[in-house]
Amino acid sequence: MRLDRFLSECNVGSRSQVKELVKKGFVTVDGVAVKKSDINIDENKSIVLFKGKRIIYRQFVYIIMNKPAGVLTASRDKKSPTVMDLIKDKPAKDLFAVGRLDKDTTGLLLICNDGELSHRLLSPRYHVDKTYLVGCEKPVSEDDLKALEEGVDIGDEEKTLPAKACLDENGDLLLTIHEGRYHQVKRMLEAVGNCVVSLKRISFGSLLLPNDLKEGEWRELNKDEIDSIVFK
Ligand code: URA
């Protein structure tokens with residue numbers, strides 16, 4: 001891979017920026033300062049340092065974020081902060097969120113640069129479970145749980161597909177769905193005469209929201225976590 005592509009894929013800067021940075025002598029390859037960015041390197045073996053820091057190439061990067069309320073699931077927005085604004089030193093370019101959470105929804109958001117995986121995780125064909133902790137305005141009855149599980153009319157052509165619904169030890173609703181319709185959870189609760197007052201996603205497929213990841217924080221997935229979503 002060309003050095004300029006390598007550096008821009010690793011989000012050191014745009015192609016033209018990295019060209020300048022290389023020219024200025026900020027980059028070494030295998031211990032040698034280089035001045036030309038059109039040289040070829042081995043992206044997996046060459047030791048590339050930028051300002052003394054090792055730059056490691058990965059084709060795909062996967063990030064888990066605990067999304068806070070008040071932040072848009074978007075790449076950029078003129079008015080509101082976005083989830084991408086929360087990722088300061090982005091470990092890769094072209095990152096995007098896999099699906100979206102409403103502005104007021106908190107919890108597990110997967111962000112990556114792997115379009116194929118994203119497509120698979122979002123496709124209804126693959127039935128990826130998403131579990132939400134739902135704070136409701138009114139108590140949720142046994143009949144409501146049954147209706148949510150069987151499928152409710154939320155105003156679309158089709159009722160919602162079978163889901164799992166139960167109450168946790170605090171009486172809060174845990175709802176697991178594997179579709180991703182617009183405002184689905186809120187509309188499902190409306191369909192049973194209730195109203196969502198807080199919504200937090202606590203799992204997405206095999207991924208669980210880590211207890212130690214505070215709202216607004218993110219980290220890259222570890223190898224086991226990546227394997228669990230990539231090879232499912
Ligand atoms: N369902 C909703 O209504 N909102 C979300 O953010 C996610 C699921």
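Leaving aside its neighbours within four places in sequence, which residues is Ser8 in contact with? The answer is Gly13, Ser14, Arg15, Val18 and Lys93. Keep in mind that this is a predicted model. Below is a quick tour of Ser8, two helices and a cavity.

**Ser8 and its surroundings**

- Ser8 sits in helix α1, which covers residues 3–9.
- Is Ser8 buried or exposed? Its relative accessible area comes to just 5%, and buried means under 20%, so Ser8 counts as buried.
- Its contacts beyond the neighbours within four places in sequence include Arg15 and Lys93.

**Helix α3: one side in, one side out**

- Helix α3 takes in residues 115–122, and Leu117, Ser118 and Leu121 are its buried residues.
- Those three lie on the same side of α3, because the arc they cover around the axis is only 100 degrees.
- Turn to the face of α3 that points away from the buried side and you'll find Glu116 and His119, both exposed.
- What do the buried residues of α3 pack against? The list has four strands and a helix: β5 (62–67), β6 (96–97), β7 (106–112), β11 (196–204) and α6 (223–230).
- Have a look at the start of α3 too: there, a side-chain oxygen of Asp114 comes to within 3.3 Å of the backbone nitrogen of Glu116.

**Helix α5: largely enclosed**

- Helix α5 runs over residues 184–191, and it is largely enclosed by the rest of the structure because six of its eight residues are buried.
- Which ones are the buried residues of α5? They are Gln184, Val185, Lys186, Arg187, Met188 and Leu189.
- For packing partners, these buried residues have β8 (130–136), α4 (142–150), β10 (173–177) and β11.
- Strand β11 turns up in both stories, since the buried residues of α3 pack against β11 and so do those of α5.
- Just past the end of α5 comes Gly193, with a positive phi of about 75 degrees.

**The cavity**

- How many cavities of 30 Å³ or more does the structure hold? There is one.
- The largest cavity contains about 40 Å³ of space.
- Its lining is made up of Glu9, Cys10, Ile56, Tyr57, Arg58, Val61, Pro91 and Ala92.
- Sorted by class, that lining has six nonpolar residues and two charged ones, with no polar residues.

Key. Residues are numbered from 1 along each chain as its sequence is written. This is a predicted model: local features need pLDDT of at least 70, side-chain atom pairs count only at pLDDT 80 or more; totals for chains, interfaces and linings use all residues. Side-chain values use heavy atoms; hydrogens and water are left out. Buried means under 20% relative accessible area, exposed over 50%, partly exposed in between (1.4 Å probe, protein chains only). Helices (H or I, at least four residues) and strands (E, at least two) are DSSP runs, numbered from the N terminus. The arc is that of the directions from the helix axis to the C-beta atoms. Contact means heavy atoms within 4.5 Å. A polar contact is a pair of N or O atoms within 3.5 Å; within protein, one must be able to donate a hydrogen and the other to accept it, and residues adjacent in sequence count only if both atoms are side-chain atoms. On a 1 Å grid over the protein atoms alone, a cavity is a set of points where a 1.4 Å probe fits but cannot get out, and a pocket is an open set with protein on both sides within 12 Å along at least five of seven lines; lining residues have an atom within 4 Å of a point. Grid points are joined across faces, edges and corners, and a volume is the space filled by probe spheres set on the points. Ala, Val, Leu, Ile, Met, Phe, Trp, Tyr, Cys and Pro count as nonpolar, Asp, Glu, Lys and Arg as charged, and the others, Gly among them, as polar.
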